[in-house]
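Here is a short set of exercises to work through with the model open beside you. Try each task yourself before you read its solution.

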Amino acid sequence: MDPLILSRIQFGANISFHILFPTITIALGWVLLFFKLRYNATNDSAWMRAYFTWVKVFALSFAMGVVSGVTMSFQFGTNWPGYMEKVGNIAGPLLAYEILTAFFLEAAFLGIMLFGFRRVSNRVHTLATVLVAGGTTLSAFWIIALNSWMQTPAGFEMIDGKAHAVDWWAIVFNPSMPYRLVHMLLASGLTVSFLIAGLSALRYLNGDRSESMWKALRTGVFTAAILIPIQIFAGDQHGLNTLQHQPQKIAAMEANWTTGANVPLVLFALPDEAAKENKFEIAIPDGASLVLRHSTNGVVPGLDAYPGNHPPVFPLFWSFRIMVGTGLLMLAVSWSAAFFLKRRHSLPKPLAMLMVPMALSGWLATLAGWYTTEIGRQPWLVTGVLKTADAVGPVAGSHVALTLAVYLILYVLLLIAYLGVLVHLALKAAKDGDTSPLPGVMKAALSQPAAGE
Amino acid sequence: MSFDWPTALPLIFAGLMGLAILIYVILDGFDLGIGILFAAAEDSEQDTMIAAIGPFWDANETWLVLAVGLLLVAFPMAHGVILTALYIPVFVLLVGLILRGVAFDFRAKVPSGKKHRWNRIFFLGSVIASLAQGYMLGVYVLGLDVGFGGMAFGVLVAFCLAAAYAAMGAAWVIYKTEGELQKKAVRWLRTALVLTALGMAAVSLATPFASPRIFDKWFVWPEMLYLSPLPILSALLFLWLWRQTFHLPKPDDRHALTPFLTLAAIFVLGFAGLAWSFYPFVVPDKLTIWQAASATESLAIILAGTVVVLPIIIFYSFYAYRVFGGKATDLTYD
């Protein structure tokens, strides 16, 4: 068995599993802060109930993110030693700063955020929530900086076959970094708002009409409705940035085989890389030229300009369309839900039933988006600097196959358990409604007023 | 002579990495140990034991990420060599860490009928992770030699480290609990100490045979004299702590933290011994810390950040421990 392809599948599986959880924690931290601030301002205990329901989801997601992240930090070495040997001088400091400035901050204050409500003052508890949310976002900043540098490397020179840093500002704020960071932070916001809206819709369908359910539902739906148009705009900008810096990726995403003007926008096709053509193509004439160059006769790069140096077409074409399609569905669902909540103060049952599976739409779009950008970097690990095939380690294929099989089983089981717990927590919250005991009414010394005292 | 950064930086980073590993072993040692002791505890005790580590384990594990991170960023050459050679043990360690890490959270959130399952997974994950760490340490000490003798030595170290972690866990339980559980933890500590001492004696006896290089570093005059305080002091601390287990817990809960601090001191001494055995290699007999180090300008920029941030990290870590100081109560999300 080929250790290269097995290692790629293993890393892909690992990072796909991992990204699910930071995507939740990055934005959920800020949502929790919002719940907390609303509680501080209104003294309405429903906000605190919403906080305590969702802080459990945060804790569980955080734990899943930590353990899968630890796994990844080891896999750099176990499977891809060539990566750090070649570009360690650049990747190293970026990862080090992520650990030093973000990981410890999150981990240390997470304890206080989760379990410290009665042990510290309300102010410190709010501050802990701010620091955890800030830590997760800072962590995203550093890792996106590194990922973007691998896509569009800048600010370095090669000495004796190794990358050396020349300009750290140019390395961190490399050409694709601001676009990718904004796109990812918005993706996280959308993932969390649809998760909250979806699980709240599940509570709604179970007859729960409690204040805490309404508050969470409205927060989820309105946040989604506001973020989705911004995300569509940001995604378009990110695409134009990619066109400028990684045109071969765009060519594969659009399954455009020949460079030229008046390129159609392919809506559906089965790209055939061997024949260099699209089967069963449905396309809008001049569409791609219009979208990418804002002119019907704009010239769009085709795959013929990059022989042997472009990413695989089929997965890129489809992952990109899954992402965009999910985004459009998100737009339709969040805007109609926002309309009904605003005008009718209720939710039609079919819409609520659609919102439940849409709880995971953010995951789907995020994964599809990452597949587009990461597979789109192939055959390079670091564009123009290091090929993926040259970074793989000397480990035997049979070893990688064994570990891959166990990781896959483990991830599937954990994912089932995780989703099971989410549903369990939602149904439990639906059953308790606003009657669940709050910490403030428990027999314990209080360092602060709680539960509307 | 002016200060020579290219020489000094790798040394500084070797020190920082050592510090991160030491802090990790002491901190995650006690929560892994508590996982190991789960098998000997009853249901109600398990909740208290989890409450004793719940707010900390995440931060504890972050020290492992820092240690691996420093290996990765400061010694990229060594990172690849060590981790590819230890491919399977690293994998086993990761599976253990994944299982126990998520079990922490799942056990508190699943319907009560499924809690037992996650308790067992927490125990299993902790045991697997501890054994894998010990095995990796043993194989690493021998220069990543993966012959049969080396593997046997690794297994020996694995059991020794697991016993040591169990002792740490027991010591932490003594500090964080009271009543019956605390008395039980004293007995756990005594048993774990005996097992650890047996393991350490076996490892000490085996090392000179397994690695002539390390033997030569220790048993030459006059180094032997300078180094002698390490084993002697460790042995005295061990004996003293073992005797203490017959007097704990004391009235008014005096000295409840003493066993933990004593064990931490023993870990520091053992670690110093290990460091001496390695120096100046980061991959034994193959790569010195200077051969494996990153470029000076990269190390410098990491050091600049570290000097500023590490004291802050240590400060707020202490703060977090203080917030959750005192005896563990039931852990609730509040």
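The radius of gyration is taken over C-alpha atoms, and the globule rule is 2.2 Å times the number of residues to the power 0.38. This is a predicted model, in which local features need pLDDT of at least 70 and side-chain atom pairs count only at pLDDT 80 or more, while totals for chains, interfaces and linings use all residues. Residues are numbered from 1 along each chain as its sequence is written, and chains are lettered from A and ligands numbered from 1 in the order in which they are written.

**Exercise 1. Overall form of chain B**

Task: compare the radius of gyration of chain B with the globule rule, then describe the chain's extent and burial.

Solution. Start with the rule: for 334 residues, a compact globule would have a radius of gyration near 20 Å, and chain B agrees because its value is 20 Å. Next, take the principal axes, along which the C-alpha trace of chain B spans about 60 × 40 × 40 Å. Then count secondary structure: chain B has 14 helices and two strands (DSSP runs numbered from the N terminus, with helices being H or I of at least four residues and strands E of at least two). For burial, call a residue buried if 20 or more other C-beta atoms lie within 10 Å of its own, exposed if 12 or fewer, and partly exposed in between, with C-beta atoms placed from the backbone. Buried residues make up 50% of chain B. Finally, let two residues be in contact if their C-beta atoms, placed from the backbone, lie within 7 Å. Among the contacts in chain B with a separation of 6 or more, 78% are between residues 24 or more positions apart.

**Exercise 2. A helix and a residue inside chain B**

Task: decide whether helix H4 (residues 76-85) of chain B is enclosed or open, and then find the surroundings of B:Val73.

Solution. In H4(B), eight of the 10 residues are buried, so this helix is largely enclosed by the rest of the structure. Among the buried ones are B:His79, B:Gly80 and B:Leu83. Now turn to B:Val73, which is found in helix H3 (residues 57-74) of chain B. B:Val73 counts as buried because it has 26 C-beta neighbours inside 10 Å. Leaving aside neighbours within four places in sequence, B:Val73 is in contact with residues of chain A, including A:Gly88, A:Pro93 and A:Ala96, and also with B:Ser294 and B:Ile302. As a last step, check B:Ser298: this residue is 225 residues from B:Val73 in sequence, with 8.6 Å between their C-alpha atoms.

**Exercise 3. Where the two chains meet**

Task: which helix of chain A gives the most to the side that touches chain B?

Solution. First get the totals: 59 residues of chain A are in contact with 55 residues of chain B. Elements of chain A supplying at least two residues each to this side are helix H2 (45-79), H3, strand E2 (162-165) and helix H14 (397-432). H3(A) gives the most, with 22 residues. By class, the side of chain A that touches chain B has 40 nonpolar, 15 polar and four charged residues; here Ala, Val, Leu, Ile, Met, Phe, Trp, Tyr, Cys and Pro count as nonpolar, Asp, Glu, Lys and Arg as charged, and the others, Gly among them, as polar.

**Exercise 4. Two domains of chain A**

Task: locate the domains of chain A and describe their contact.

Solution. Chain A is divided into domain 1 (21-173 + 427-453) and domain 2 (177-245 + 247-376), with bounds that come from an automatic or database domain assignment. Their C-alpha centres lie 25 Å apart. Across the boundary, 28 residues of domain 1 of chain A are in contact with 27 residues of domain 2 of chain A. The domain 1 side divides into 19 nonpolar, seven polar and two charged residues.

**Exercise 5. Unusual backbone spots in chain A**

Task: where do A:Pro379 and A:His345 sit, and is A:His345 buried or exposed?

Solution. A cis peptide bond joins A:Gln378 and A:Pro379, with omega about 5°. A:Pro379 is in the loop between helix H12 (361-375) and strand E5 (380-382) of chain A. A:His345 has phi near 55°, a positive value in a residue other than glycine. A:His345 lies in the loop between helix H10 (313-344) and helix H11 (349-355) of chain A, and with 8 C-beta neighbours inside 10 Å this residue counts as exposed.
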